[in-house]
Amino acid sequence: MGLERELEKLVEKKKVEQCELCHSRMKYLGGGKYRCSFCGMEVLDDFGKIKQFLEENGPTPQAIISQQTGVSLDKIDTYLRKGMVEIPDGSKFYLNCEKCGCEIRYGRFCPECSKSEVINNLRGSYQDVGERPKQHYNPDMAGKMHFINRRGN
Ligand SMILES: [Zn+2]
Ligand SMILES: [Zn+2]
(Lines give C-alpha, C1' and ligand atoms only; values in the text may rest on other atoms or scores of the structure.)
(Ligands and ions follow the chains in the order given, each with its own letter.)
Protein backbone atom coordinates (compact mmCIF):
# COMPACT_ATOMS: atom_id res chain seq x y z
CA MET A 1 0.00 0.00 0.00
CA GLY A 2 1.28 3.47 -0.84
CA LEU A 3 2.24 5.84 1.93
CA GLU A 4 -0.39 8.36 0.84
CA ARG A 5 -3.22 5.91 1.16
CA GLU A 6 -1.84 4.62 4.41
CA LEU A 7 -1.85 8.09 5.91
CA GLU A 8 -5.34 8.79 4.65
CA LYS A 9 -6.44 5.68 6.45
CA LEU A 10 -4.69 6.78 9.62
CA VAL A 11 -6.25 10.23 9.54
CA GLU A 12 -9.63 8.71 8.87
CA LYS A 13 -9.29 6.28 11.72
CA LYS A 14 -7.90 8.64 14.33
CA LYS A 15 -10.71 11.17 13.98
CA VAL A 16 -12.54 11.58 17.27
CA GLU A 17 -16.10 12.70 16.67
CA GLN A 18 -18.05 11.94 19.81
CA CYS A 19 -17.39 12.46 23.51
CA GLU A 20 -17.11 9.19 25.38
CA LEU A 21 -18.84 10.63 28.43
CA CYS A 22 -21.74 12.69 27.15
CA HIS A 23 -21.79 11.84 23.42
CA SER A 24 -21.59 15.49 22.43
CA ARG A 25 -19.56 16.65 19.49
CA MET A 26 -15.79 16.87 19.88
CA LYS A 27 -13.98 19.95 18.63
CA TYR A 28 -10.51 19.59 17.14
CA LEU A 29 -8.05 21.89 18.93
CA GLY A 30 -5.02 21.06 16.77
CA GLY A 31 -1.91 19.06 17.58
CA GLY A 32 -3.88 15.85 17.88
CA LYS A 33 -6.08 17.18 20.69
CA TYR A 34 -9.89 17.23 20.90
CA ARG A 35 -12.24 18.81 23.44
CA CYS A 36 -15.89 18.05 24.05
CA SER A 37 -18.09 21.04 23.25
CA PHE A 38 -20.40 20.17 26.14
CA CYS A 39 -18.52 18.69 29.13
CA GLY A 40 -15.01 19.83 28.22
CA MET A 41 -13.39 16.41 28.33
CA GLU A 42 -10.16 16.33 26.34
CA VAL A 43 -8.79 13.40 24.39
CA LEU A 44 -5.70 12.85 22.29
CA ASP A 45 -5.53 10.87 19.09
CA ASP A 46 -2.44 8.83 18.22
CA PHE A 47 -0.60 11.84 16.86
CA GLY A 48 -1.48 13.82 19.99
CA LYS A 49 -0.25 11.01 22.21
CA ILE A 50 3.14 10.93 20.51
CA LYS A 51 3.42 14.70 20.63
CA GLN A 52 2.54 14.89 24.31
CA PHE A 53 4.84 12.02 25.21
CA LEU A 54 7.77 13.75 23.51
CA GLU A 55 6.98 17.05 25.19
CA GLU A 56 6.98 15.41 28.59
CA ASN A 57 9.83 12.96 28.16
CA GLY A 58 12.17 14.47 25.62
CA PRO A 59 14.25 12.31 23.28
CA THR A 60 12.96 8.78 23.30
CA PRO A 61 13.58 5.79 21.05
CA GLN A 62 10.62 4.88 18.87
CA ALA A 63 10.20 1.50 20.54
CA ILE A 64 9.72 3.10 23.98
CA ILE A 65 7.26 5.69 22.63
CA SER A 66 5.30 2.88 21.09
CA GLN A 67 5.35 0.93 24.34
CA GLN A 68 4.28 3.88 26.47
CA THR A 69 1.63 5.37 24.20
CA GLY A 70 0.27 2.19 22.65
CA VAL A 71 0.75 3.69 19.18
CA SER A 72 2.25 1.22 16.72
CA LEU A 73 5.79 1.65 15.41
CA ASP A 74 4.44 1.79 11.88
CA LYS A 75 2.28 4.77 12.70
CA ILE A 76 5.12 6.61 14.42
CA ASP A 77 7.24 5.93 11.35
CA THR A 78 4.51 7.23 9.05
CA TYR A 79 4.21 10.46 11.04
CA LEU A 80 7.95 10.97 10.68
CA ARG A 81 7.94 10.22 6.98
CA LYS A 82 5.07 12.63 6.42
CA GLY A 83 6.89 15.36 8.31
CA MET A 84 4.22 15.54 11.02
CA VAL A 85 6.94 14.81 13.56
CA GLU A 86 10.50 16.05 13.02
CA ILE A 87 13.87 15.00 14.32
CA PRO A 88 15.63 18.20 15.48
CA ASP A 89 19.16 19.22 14.56
CA GLY A 90 21.80 17.74 16.86
CA SER A 91 20.12 14.40 17.34
CA LYS A 92 22.00 11.16 17.29
CA PHE A 93 19.65 9.41 14.89
CA TYR A 94 18.04 10.52 11.68
CA LEU A 95 15.93 9.08 8.94
CA ASN A 96 17.64 8.20 5.69
CA CYS A 97 16.82 9.49 2.24
CA GLU A 98 15.17 6.65 0.36
CA LYS A 99 17.27 7.32 -2.72
CA CYS A 100 20.82 8.21 -1.64
CA GLY A 101 20.71 7.23 2.04
CA CYS A 102 21.90 10.56 3.44
CA GLU A 103 20.48 11.84 6.71
CA ILE A 104 17.22 13.79 6.79
CA ARG A 105 15.13 15.04 9.70
CA TYR A 106 11.76 14.10 8.23
CA GLY A 107 10.19 13.12 4.93
CA ARG A 108 11.38 10.51 2.46
CA PHE A 109 13.91 12.21 0.20
CA CYS A 110 16.68 14.73 0.70
CA PRO A 111 16.40 18.09 -1.12
CA GLU A 112 19.07 17.05 -3.64
CA CYS A 113 17.35 13.82 -4.61
CA SER A 114 13.96 15.50 -4.73
CA LYS A 115 15.30 17.55 -7.63
CA SER A 116 16.02 14.45 -9.64
CA GLU A 117 13.55 13.89 -12.44
CA VAL A 118 13.06 10.25 -11.61
CA ILE A 119 11.55 11.05 -8.25
CA ASN A 120 9.49 13.95 -9.53
CA ASN A 121 8.03 11.78 -12.24
CA LEU A 122 7.44 9.04 -9.76
CA ARG A 123 5.88 11.14 -7.05
CA GLY A 124 4.40 13.93 -9.09
CA SER A 125 5.09 16.32 -6.22
CA TYR A 126 7.64 17.61 -3.74
CA GLN A 127 5.68 16.85 -0.64
CA ASP A 128 7.86 14.10 0.75
CA VAL A 129 10.99 16.22 0.70
CA GLY A 130 12.74 16.41 4.04
CA GLU A 131 15.41 18.70 5.41
CA ARG A 132 19.00 17.72 6.02
CA PRO A 133 20.29 18.26 9.56
CA LYS A 134 22.43 21.37 9.94
CA GLN A 135 24.34 20.11 12.95
CA HIS A 136 26.21 16.98 13.78
CA TYR A 137 25.42 15.06 16.92
CA ASN A 138 26.04 17.07 20.04
CA PRO A 139 25.47 15.15 23.30
CA ASP A 140 24.96 18.36 25.30
CA MET A 141 22.14 19.47 23.07
CA ALA A 142 20.54 16.15 22.37
CA GLY A 143 19.35 15.84 25.94
CA LYS A 144 17.21 18.93 25.54
CA MET A 145 15.65 17.94 22.30
CA HIS A 146 12.80 15.88 21.09
CA PHE A 147 13.72 13.23 18.65
CA ILE A 148 12.64 9.83 17.60
CA ASN A 149 15.23 7.38 16.43
CA ARG A 150 14.70 4.77 13.82
CA ARG A 151 13.49 1.32 14.66
CA GLY A 152 16.39 -0.99 15.44
CA ASN A 153 18.85 1.75 16.29
ZN1 LIG B 1 -18.58 15.41 26.78
ZN1 LIG C 1 19.04 11.75 -1.21
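Modeller: Helices and strands are taken here as DSSP runs, numbered from the N terminus, with H or I over at least four residues for a helix and E over at least two for a strand; just after α4, Gly83 takes a positive phi of about 80 degrees. This is a predicted model, in which local features need pLDDT of at least 70 and side-chain atom pairs count only at pLDDT 80 or more, while totals for chains, interfaces and linings use all residues. Residues are numbered from 1 along each chain as its sequence is written, and chains are lettered from A and ligands numbered from 1 in the order in which they are written.

Colleague: How many helices and strands does the protein have, and in what order do the elements run?

Modeller: There are seven helices and five strands, and from the N terminus on they follow one another as α-β-β-β-α-α-α-β-β-α-α-α.

Colleague: What makes β1, β2 and β3 an open sheet, and which strands stand at its edges?

Modeller: Two strands pair if DSSP finds at least two bridges between them; four bridges join β1 (residues 26-30) to β2, and three join β2 to β3 (residues 42-44), so both pairs satisfy the criterion. The order is β1-β2-β3 with antiparallel pairing, and because β1 and β3 each have a single partner strand, they stand at the edges and one side of each is left without a neighbour in the sheet. Neighbouring strands are turned by 30 degrees against each other on average, direction ignored.

Colleague: Which residues of β2 serve as bridge partners, and which residue stands opposite Lys33?

Modeller: Arg35 of β2 is the bridge partner of Lys27, and Arg35 also has Glu42 in β3 as a bridge partner, while Gly30 stands opposite Lys33. Strand β2 (residues 33-36) has a covered face formed by Tyr34 and Cys36, and an uncovered one formed by Lys33 and Arg35.

Colleague: Which residues take a positive phi in the two hairpins?

Modeller: In the hairpin of β1 and β2, with two residues between the strands, Gly31 has a positive phi near 65 degrees, and in the hairpin of β2 and β3, with five residues between the strands, Gly40 has a positive phi near 85 degrees.

Colleague: What is the phi of His23, and why is His23 classed as buried or exposed?

Modeller: His23, in the loop between α1 (3-14) and β1, has a phi near 65 degrees, a positive value in a residue other than glycine. Most residues other than glycine have a negative phi. As for burial, a residue is buried if 20 or more other C-beta atoms, placed from the backbone, lie within 10 Å of its own, exposed if 12 or fewer, and partly exposed in between; His23 has 10 such neighbours and therefore counts as exposed.

Colleague: How do you know on which side of those limits Ile76 and Cys102 fall?

Modeller: Ile76, in helix α4, has 22 C-beta neighbours inside 10 Å and so counts as buried, whereas Cys102, in the loop between β4 (95-96) and β5 (103-104), has 17 and is therefore partly exposed. Leaving aside neighbours within four places in sequence, Cys102 is in contact (C-beta atoms within 7 Å, placed from the backbone) with Asn96, Cys97, Cys110 and Arg132. Of the 153 residues of the protein, 27% count as buried.

Colleague: What makes a set of residues a nonpolar core, and which elements give two or more residues to the largest one?

Modeller: Its members must be buried Ala, Val, Leu, Ile, Met, Phe, Trp, Tyr or Cys residues, joined through C-beta atoms within 7 Å. The largest such core has 18 residues, and those with the most contacts inside it are Ile50, Ile76, Tyr79, Leu80, Leu95, Ile104 and Tyr106. The elements contributing two or more residues are α2 (46-57) and α4 (73-81). The buried residues of α4 are Lys75, Ile76, Tyr79, Leu80 and Arg81.

Colleague: At what angle do α2 and α3 pack, and which residues meet there?

Modeller: The angle between α2 and helix α3 (residues 62-69) is about 115 degrees, with their axes 10 Å apart, where axes are lines fitted to C-alpha atoms over the stretch in contact and angles run from 0 to 180 degrees between N-to-C directions. Lys49, Ile50 and Phe53 in α2 meet Ile65, Gln68 and Thr69 in α3.

Technical notes
Two residues are in contact if their C-beta atoms, placed from the backbone, lie within 7 Å.
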